[in-house]
Amino acid sequence: MTYVINERCIGELDGSCVDVCPVDCIYEGLTKRYINPVECIECGACLPECPVDAIVAPAGGPDPAWVADNAAFFALPLPGRNTPLENPGGAYGTGAIGVDTPLVTGWTKESK
């Protein structure tokens, strides 16, 4: 398991976590960021940088729904796309993806 970004990131695209990631594994959806579980080296540099404490370390016991959501962002075709994003080797080259997973798209504060 790797670091996971949870619901606290929805609507918060500060980018501090991206700036410190040494392997560029944090990707931007439309309203939330996602950590690529294959590309992440689990260094923890992103953890203290998140202004809303949305990043959870593996030892912190991330919610399985958000573990699955972060993995789905890369493993499944996103809305409007024919193929999965997979492991492009860094977010810088892809730019903002511009869509979110179905979980995030349907998320409301009442979803908690």
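Before we start, a helix here is a DSSP run of H or I that covers at least four residues, and helices are numbered from the N terminus. Keep that in mind, since our main character sits in one of them.

Hi everyone! What you see above is a predicted model. Let's take the whole chain before we zoom in.

The chain has three helices and four strands. Starting at the N terminus, you would meet them in the order β-α-β-β-β-α-α. Along the principal axes, the C-alpha trace spans about 35 × 35 × 25 Å. How does the radius of gyration fit with a compact globule? For 112 residues, such a globule would have a value near 13 Å, and the chain has 13 Å, so the two agree.

Now for contacts. Among those in the chain with a separation of 6 or more, 66% are between residues 24 or more positions apart.

What about the surface? About 5,800 Å² of the chain is accessible, and carbon and sulfur atoms make up 54% of that. As for charge, there are 6 positive and 15 negative side chains, with the centres of the two sets 6 Å apart.

Next, the inside: 38% of the 112 residues count as buried. Let's visit one residue, N70, which you can find in helix 2, residues 64-75. Is N70 buried or exposed? Buried means under 20% relative accessible area, and N70 has 2%, so N70 is buried. And which residues does N70 touch, leaving aside its neighbours within four places in sequence? Its contacts are V4, I5, K32, Y34, I35 and P37.

Thanks for listening, everyone!

Definitions and conventions:
Residues are numbered from 1 along each chain as its sequence is written. This is a predicted model: local features need pLDDT of at least 70, side-chain atom pairs count only at pLDDT 80 or more; totals for chains, interfaces and linings use all residues. Side-chain values use heavy atoms; hydrogens and water are left out. Helices (H or I, at least four residues) and strands (E, at least two) are DSSP runs, numbered from the N terminus. The radius of gyration is taken over C-alpha atoms; the globule rule is 2.2 Å times the number of residues to the power 0.38. Buried means under 20% relative accessible area, exposed over 50%, partly exposed in between (1.4 Å probe, protein chains only). Contact means heavy atoms within 4.5 Å. Accessible areas come from the Shrake-Rupley method with a 1.4 Å probe; for residues, only the protein chains shown count as cover. Lys and Arg count as positive and Asp and Glu as negative; His and the chain ends are not counted. The place of a charge is taken as NZ of Lys, CZ of Arg, CG of Asp or CD of Glu.
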